[in-house]
Amino acid sequence: MNNKNKIRVAITHGDTNGIGYELIFKTFEEPAMLELCTPIIYGSPKVATYHRNALGIEANFTIIKDINEVQPDRINFIPVFDEEIKVELGAPTEESGNAGLVAIDRALEDYRAGGFDVLVTAPLNNNENFQFSGQSRYIEDHLCAEVPSISVLVNEKLRIALATRNLPLNQVSASLSVERITKSGKLLYNSIMRDFRISNPRLAILALNPKAGDNGLLGSEEQEIITPAIEALVGEGIQAFGPYPADKFFGDSYWEQFDGILAMYYEQGLTPFRALTVEGSVNYLAGLPLICTAPEITDNLEIAGKNIADPISMRHAIYLAIDTFRHRLEYDEPMRNPLQKLYKERRDDSEKVRFSIPKRRDNREGSND
């Protein structure tokens, strides 16, 4: 690939006591990765060297001071702080967590200046010593984007988004509304069209209550909130179906018939997603102008320093970011040069009809199978 066409991938180092550097080093052990993209690591060279030595991994990188010094065919490394930081592999600390946020801050600064194309973030989690809003929300807040976004879990076959974000179960019902579900459905639908290049995606909307409420006997949210939201989506030309009971939807493999799934809460989406993932799952922050992905890895601090972290999710996070960048270019290109009007203002309606395209709506299936 021509160096000019290589996508510039910014990668933040995550928690400095975690597996971020192990994932990065192992990912770029594969020579083909440098043929695919130009990586820019945001972190600490001293911390990176510590991890490299502790893990016994051969890894070379080129330290640069500014985003304008990025060079192709090598791992570029931008230091985000100069001060010493104590590394305790596997031990979550406030200092190690804050170091991950500092890397994101510097990366977003360079993004605003047009320094790179996509962002991939290494693991950085809430714990008893370091609590924050989560990387997705942190990026949303600090990017100051005026457009809404939604996190989408992506693996080989599934794309699952959540209507509510990391709420206690007793707060989920009160947080749901027709507007919220409709908005989330639109975000997921538009992302699948633009970012995954599926022209007419089918969305499945999951129920909240057992047996989809059983006609109101087990809850009224399906009748009062979820079904009206589905009808609103259909009214806007979106193929939305449901609400489906989660147990039957996943147990009977209904999910195979859909391009995207909207779950109502964390466990409803995450549990089947992880059970049905073979390898390389990714968390994608859809809807923002910045393409942002992260490897979907659990218990990452527990395995830090043991040289057992699998880089496949990091590679897939990079692959997805690159594919999404290219898909957006393809999707947006026709919009840059729209066709000229095919009729003049004074022509009669019969001329306009010649260029109109009738809309066709498929019949919807029963929703509570």
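For the class counts used in this notebook, I take Ala, Val, Leu, Ile, Met, Phe, Trp, Tyr, Cys and Pro as nonpolar, Asp, Glu, Lys and Arg as charged, and the others, Gly among them, as polar.

**Entry 1: the model as a whole**

I note at the outset that this is a predicted model. I looked up the secondary structure of the protein chain and recorded 12 helices and 12 strands. The protein chain has 369 residues, of which 50% count as buried. For its accessible surface I noted about 18,700 Å², with 47% belonging to carbon and sulfur atoms. I then took the contacts between residues at least 6 apart in sequence; 75% of these join residues at least 24 apart.

**Entry 2: the largest pocket**

I turned to the largest pocket and entered a volume of about 960 Å³. Its lining consists of 36 residues, and those closest to the pocket centre are Asn125, Gly134, Gln135, Asn166 and Asn283. I listed the elements that give two or more residues to this lining: helices H5 (135-143) and H10 (266-275), together with strands S6 (150-154), S7 (159-162), S11 (282-286) and S12 (291-295). Sorted by class, the pocket lining holds 16 nonpolar, 14 polar and 6 charged residues.

**Entry 3: the cavity**

I searched for enclosed space and found 1 cavity of 30 Å³ or more. The volume I recorded for the largest cavity is about 40 Å³. Its lining is made up of Tyr21, Ile24, Phe25, Ile41, Ala59, Asn60, Phe61, Ile75 and Phe77. Helix H1 (residues 20-27) gives the most to this lining, with 3 residues. By class I counted 8 nonpolar residues, 1 polar residue and no charged residues around the cavity.

**Entry 4: cysteines**

I checked for disulfides and entered 0 for the structure. I also looked up the exposure of two cysteines. Cys37 has a relative accessibility of 0% and therefore counts as buried. Cys292 has a relative accessible area of 4%, so I entered Cys292 as buried, since the cut-off for that class is under 20%.

**Entry 5: backbone geometry**

Before reading the torsions I reminded myself that most residues other than glycine have a negative phi, and that most peptide bonds are trans. I recorded a cis peptide bond from Gly242 to Pro243, with omega near -5 degrees. Pro243 belongs to strand S9 (residues 239-244).

Arg197 is not a glycine, yet I read a positive phi of about 60 degrees for this residue. I placed Arg197 in the loop between helix H7 (178-195) and strand S8 (202-206). Its relative accessibility is 36%, and Arg197 therefore counts as partly exposed.

Asn215 is likewise not a glycine and has a positive phi, here of about 55 degrees. I located Asn215 in the loop between S8 and helix H8 (221-235). With a relative accessible area of 66%, Asn215 is exposed, because the cut-off for that class is over 50%.

**Entry 6: Gly251**

I looked up Gly251 and found this residue in helix H9 (residues 246-251). Its relative accessible area is 58%, so I entered Gly251 as exposed. I then took the C-alpha to C-alpha distance from Gly251 to Pro272, which is 9.4 Å for a separation of 21 residues in sequence.

Conventions: Residues numbered from 1 in each chain as written. Predicted model: local features only at pLDDT ≥ 70, side-chain atom pairs only at ≥ 80, totals over all residues. Heavy atoms only, no water. Disulfide = S-S within 2.5 Å. Buried < 20%, exposed > 50% of the residue type's maximum accessible area, 1.4 Å probe, protein only. Helix = DSSP H or I, 4+ residues; strand = E, 2+ residues; numbered from the N terminus. Contact = heavy atoms within 4.5 Å. Areas by Shrake-Rupley, 256 points an atom, 1.4 Å probe, with all protein chains shown as cover. 1 Å grid on protein atoms, 1.4 Å probe; cavity = no way out; pocket = protein on both sides within 12 Å on 5 of 7 lines; lining within 4 Å. Points joined across faces, edges and corners; volume = space filled by probe spheres on them.
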